[in-house]
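User: I am new to this structure and would like to learn how to read its features one at a time. Could you take me through it slowly, giving the general idea before each case?

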Amino acid sequence: MSCSRRKFVQIFGAGAAGLLLPPLSASLLAKEKVSSFSNAYALPPLDNGKRQGNQVTFNLTMQRGKMSFFPGVATSTLGINSPYLGPVLRAKRGDTVSLNVQNRIGEESTLHWHGFTLPAVADGGPHQRIASGKTWNATFQIRQPASTLWYHSHQYHGTGEQVYKGMAGLFYIDDENTSRQSLPTTYGVDDLPVVIQDRAFQRNGEFRYLGMMPERMQGMHGDTLLINGVVTPTLKAQKTLIRLRLLNGSNARIYNLAFHDHRPFYVIAGDCGLLASPVRMNRIRLAPGERAEVLVDLSDRSPVILKTLKGAIQTTGMMGMMMNRMNNDREFAIMQIDPRQAESSSYRIPGVLLHPAPLSVTNAVVTRPMKMNMAMMGGMGMMGGGSRHDGFTINGRSFDRQRIDFSVKRGSTEIWEVSNSSMLPHPFHVHNVQFQVLDRNGRPPYAHERGLKDTILVNPDEVVRILVPFRYYADSQNPYMYHCHNLEHEDQGMMGQFTVV
Ligand code: C2O
Ligand code: CU
Ligand code: CU
């Protein structure tokens with residue numbers, strides 16, 4: 001055994017032993033005698049804003065709250081116009097949205113519009129700070145296709161904790177094709193948001209966020225699954241064909257989603273728009289930040305359980321050992337769907353979809369490497385808690401708010417070669433763009449990854465090439481971020497910033 005290896009076992013062996021105790025939230029569940037699926041699916045409020053022609057105003061208040069995730073147990077939370085999470089915001093391509101974000105949480109925050117093309121000053125990244133008590137306005141025109149986007153805190157070194165406590169929500173874009181598609185589209189009836197988050201709880205009912213060093217390395221994983229803020233609920237389906245808009249809103253957990261009976265479902269959209277046609281699958285991997293819209297046929301009217309299966313995570317070496325030790329790649333029930341009372345749907349699985357045009361690779365001007373890495377054994381100081389913010393890097397550098405890493409030309413398209421030489425997977429995300437995946441280790445992307453995206457999972461030793469267009473806005477002063485969407489990795493420095501000029 002090498003020296004660093006022995007040190008590794010010493011450090012992680014001890015910490016991981018504690019995990020053999022029953023999980024805290026499982027004991028909360030036992031105490032309250034709650035069986036799985038006894039909670040009702042919660043539909044987040046829909047907020048269409050205040051509309052005057054194409055001008056739409058949203059008033060959002062960041063607030064603190066209390067939630068009862070378990071009966072009789074109060075958990076302190078963060079939310080937007082709600083105790084936990086926020087409303088589903090909805091607007092159309094061509095609209096100019098004006099978002100007033102009032103911060104009432106008693107500490108600095110930001111609100112980022114994930115997946116949007118927008119001016120850098122409206123992005124809501126770590127530079128658009130909203131001091132406690134202040135209101136920030138973001139105004140921009142929606143210039144991209146129908147899709148399921150989201151918003152969340154992007155607080156400097158504090159994104160993970162604020163999102164974990166609830167500072168996030170969905171943002172739907174419609175376009176001129178939305179009403180022409182033959183797809184379920186009635187909010188709350190046959191078109192349903194599913195925000196998937198894993199959380200850990202302390203014995204007193206409060207969230208538990210980041211303890212042992214392995215959690216900082218792997219990102220925060222929890223043992224309780226929340227769907228729209230409710231522990232493993234039952235959705236009573238109203239129609240026999242439903243559209244689920246899945247968001248992996250977790251900090252670090254990657255899901256391998258499937259139904260318990262392995263029935264197929266049909267993926268119709270990825271992060272930033274519809275696919276050319278539905279892709280039939282019986283499991284789909286979803287990394288933090290990624291979305292997928294799926295159609296589920298329930299015409300047999302038998303209840304099904306949406307699960308995540310083991311095998312979501314590819315790891316190598318010691319991180320793999322650690323992941324297993326922590327039991328972070330495991331099976332969970334997520335939600336039950338009960339269609340016994342469902343009415344027959346008038347929709348079928350469509351053959352083709354009205355989808356955004358693919359990008360053309362012939363215009364690409366630059367190939368830019370994006371090398372994600374974690375200083376593992378060399379960085380024992382970091383693992384021991386020394387310098388927390390320099391071990392997670394892109395192209396060898398940890399995030400520095402003062403440093404612009406590069407600039408790109410407005411109107412150009414680049415190829416980014418995203419690679420991962422660490423032992424853990426990293427979901428790579430870019431602000432302001434909808435990109436297209438060219439290949440994974442030289443092979444064509446999976447069928448469900450062929451639509452426009454803003455986040456892509458890169459496994460250890462993988463190289464994923466993406467085609468990235470910078471269409472509209474130039475600003476030499478204000479940058480956009482690119483980063484790993486494992487929020488603990490991001491907070492610890494696996495992030496960079498670029499300007500469009
Ligand atoms: Cu989902 Cu930089 O963000
Ligand atoms: Cu983003
Ligand atoms: Cu990462």
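Analyst: Let us begin with burial, for which a residue counts as buried when its relative accessible area is under 20%. Please keep in mind throughout that this is a predicted model.

User: With that cut-off in hand, is I173 buried or exposed?

Analyst: I173 has a relative accessible area of 1%, and because the cut-off for burial is 20%, it counts as buried. This residue lies in strand β10, which covers residues 168-174, and, leaving aside residues up to four places away in sequence, I173 touches several others, among them F116, I142, P145 and L149.

User: How far apart are I173 and A342 in sequence and in space?

Analyst: The two are 169 residues apart in sequence, and their C-alpha atoms are 27 Å apart in space.

User: Next I would like to read the metal sites. Which protein donors does the copper ion written as ligand 2 have?

Analyst: A metal site is read by listing the N, O and S atoms within 2.8 Å of the metal, and a site may look incomplete because water is not among the atoms. For the copper ion that is ligand 2, the protein donors are NE2 of H112 and NE2 of H429, lying 1.9 to 2.0 Å from the ion. Since H112 belongs to strand β7 (residues 112-114) and H429 to strand β27 (residues 426-430), the pair ties together parts that are 317 residues apart in sequence. H112 counts as buried at 1% relative accessibility, and H429 counts as buried at 0%.

User: Which protein donors hold the copper ion that is ligand 3, and what spacing do they follow along the chain?

Analyst: For ligand 3 the protein donors are H426 through ND1, C484 through SG and H489 through ND1, at 2.0 to 2.1 Å from the copper ion. Along the chain these donors follow the spacing H-x57-C-x4-H, and both C484 and H489 are buried.

User: Now for the larger divisions: what domains does the assignment give, and how many residues does each side bring to the contact between domain 1 and domain 3?

Analyst: The domain assignment gives domain 1 as 5-38 + 184-338, domain 2 as 46-174 and domain 3 as 361-500. In the contact between domain 1 and domain 3, 38 residues come from domain 1 and 39 residues from domain 3. These two domains bury about 2900 Å² between them, with 62% of it on carbon and sulfur atoms.

User: How many salt bridges and polar pairs are found across that interface?

Analyst: Across the interface of domain 1 and domain 3 there are three salt bridges, together with 13 residue pairs in polar contact. On the side of domain 1 that touches domain 3, the elements giving two or more residues include α1 (3-17), β18 (273-281) and α5 (317-325). Within α5, residues M318, M319, G320, M322 and M323 are buried.

User: Finally, why might a reader look twice at a positive phi?

Analyst: A positive phi draws attention because most residues other than glycine have a negative one. In this model L85 has a phi near 60 degrees; it sits in the loop between β4 (73-80) and β5 (88-92), and at 9% relative accessibility L85 counts as buried. L210 has a phi near 55 degrees, is placed in the loop between β11 (191-199) and α4, and counts as buried at 18% relative accessibility. N327, which follows α5, also has a positive phi, near 60 degrees.

Terms used: Residues are numbered from 1 along each chain as its sequence is written. Chains are lettered from A and ligands numbered from 1 in the order in which they are written. This is a predicted model: local features need pLDDT of at least 70, side-chain atom pairs count only at pLDDT 80 or more; totals for chains, interfaces and linings use all residues. Side-chain values use heavy atoms; hydrogens and water are left out. Donors are N, O and S atoms within 2.8 Å of the metal (3.2 Å for Na, K and Ca); water is not among the atoms, so sites may look incomplete. Buried means under 20% relative accessible area, exposed over 50%, partly exposed in between (1.4 Å probe, protein chains only). Helices (H or I, at least four residues) and strands (E, at least two) are DSSP runs, numbered from the N terminus. Domain bounds come from an automatic or database domain assignment. Contact means heavy atoms within 4.5 Å. Buried area is the accessible area (1.4 Å probe) that two parts lose on being put together, summed over both. A salt bridge is a side-chain nitrogen of Lys or Arg within 4 Å of a carboxyl oxygen of Asp or Glu. A polar contact is a pair of N or O atoms within 3.5 Å; within protein, one must be able to donate a hydrogen and the other to accept it, and residues adjacent in sequence count only if both atoms are side-chain atoms.
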